[in-house]
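Here is a friendly walk through one structure, with an eye on its strand pairing and on one of its helices. Have the viewer open as you read.

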Amino acid sequence: MNKSQRIAAMALVLALPGAALAQDPSTRSGQAASTGSGQAASTGSGQGWPTKPIRLIIPFTTSSASDVLSRILGQRLSEMYGQQVVVDNRPGAGGLIGSDITRQAAPDGYTLTMIGQPHISNALVRADAPYHPLKDFTSVASVASTPNIITVGKSITAKNIPELIAAAKAKPGTLNYGSAGVGSSSHLAGAMFVSKAGINVVHVPFRIGADSRTALITGTIHFYVYPLPAIMNLVKAGTIRPLAVTTAKRAEALPDVPTTAEAGFGEYRSESWFGVIGPSGLPKRIVDRINADIVSVLKEPATRDRIVAQGAEPRLGSPADFEKMQREEYVELGALIKQIGMKSQ
């Protein structure tokens, strides 16, 4: 491809609605952040690829957990490839829209998606799901796992989980909890909390992440179970009050926030995960190339530090490992959704 063709290809991808160059949120003004780890060598056998920018679809809004992680990963891959990894936020329908764009894309390695639990749970919950979460895609690489964090707004005086549950039981049907949409990981985590706590509260789904955070800050939403990277900056700023992280150990980035067990609700635990997929039929040589490069980036100390600072942990593995995890998740989430009576709204 000559120089003029490269420029034309770049312009085409950058013209995509909602597209933004993949970079750390703190450097979106156009200056690339220094990773301090040097340029990693590209690995794998996908010779001849990439020859143009790569589109990385995020099924949720900017500042969502998948968006934050994608910008960290995308920036390093852009540096490795000498081609931009363009982050394209396509929110809607709890993540269905973004995933379905990838399903329909050409299997050439130039359209990928950063998925999480909603990719699977949404397809299980919604009768109108346009895809099968396993059969219609190619697993490429796991990226990270993260605890969820139970947070409360200003209108809630509860200082711990037992007090929150007591407040909900004192006034059934009065309190509410937010989510990023029906079938999202925050919806699933919130519904599971409600079920295990035995409380009667109202689910309020949001399409725009910023709206959900504003509602929590102002007290319109009473509590929310967020994937930690989506809310880390507000927790650290003291804007919202965290009650507990939902994993067995405390988050490295928030050592003062207790686990659910330490907070008096040990029967509840949930975790979010994130990984990259492509359309069905993606050639193995390209899958192996992208996987090897993502693993290489995640092993960099500087990249790991940036991911951990957002409340997540790198999750390494082969394409087969990631596919196996999703298959197990498909079965487990299906059983959980049935158990807690989670339905499309």
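Two strands pair if DSSP finds at least two bridges between them; helices (H or I, at least four residues) and strands (E, at least two) are DSSP runs, numbered from the N terminus. This is a predicted model, in which local features need pLDDT of at least 70, side-chain atom pairs count only at pLDDT 80 or more, and totals for chains, interfaces and linings use all residues. Residues are numbered from 1 along each chain as its sequence is written, and side-chain values use heavy atoms, without hydrogens and water.

The mean pLDDT (the predictor's confidence in each residue, from 0 to 100) is 86 for the chain, with 86% of residues at 70 or more. Over residues 1–45, though, the pLDDT is below 50. Where pLDDT is low, the predicted coordinates should not be read in detail.

Now to strand E10, residues 271–279: eight of its nine residues are buried (under 20% relative accessible area, 1.4 Å probe, protein chains only; exposed is over 50%, partly exposed in between). Its pairings look like this:

| Strand paired with E10 | Sense | Bridges | One bridge pair |
|---|---|---|---|
| E4 (residues 111–116) | antiparallel | four bridges | Gly 116 with Phe 274 |
| E5 (residues 137–152) | antiparallel | nine bridges | Thr 138 with Gly 278 |

Strand E5 also helps to cover the buried residues of helix H7, as do strand E8 (223–227) and helix H8 (232–237). Which residues of H7 (residues 209–218) are buried? They are Gly 209, Ser 212, Arg 213, Ala 215 and Leu 216. Seen down the axis of H7, the buried residues fall within an arc of 160° (taken from the directions from the helix axis to the C-beta atoms), so they line one face of the helix. Just after H7, Gly 219 has a positive phi of about 95°.

Technical notes
Contact means heavy atoms within 4.5 Å.
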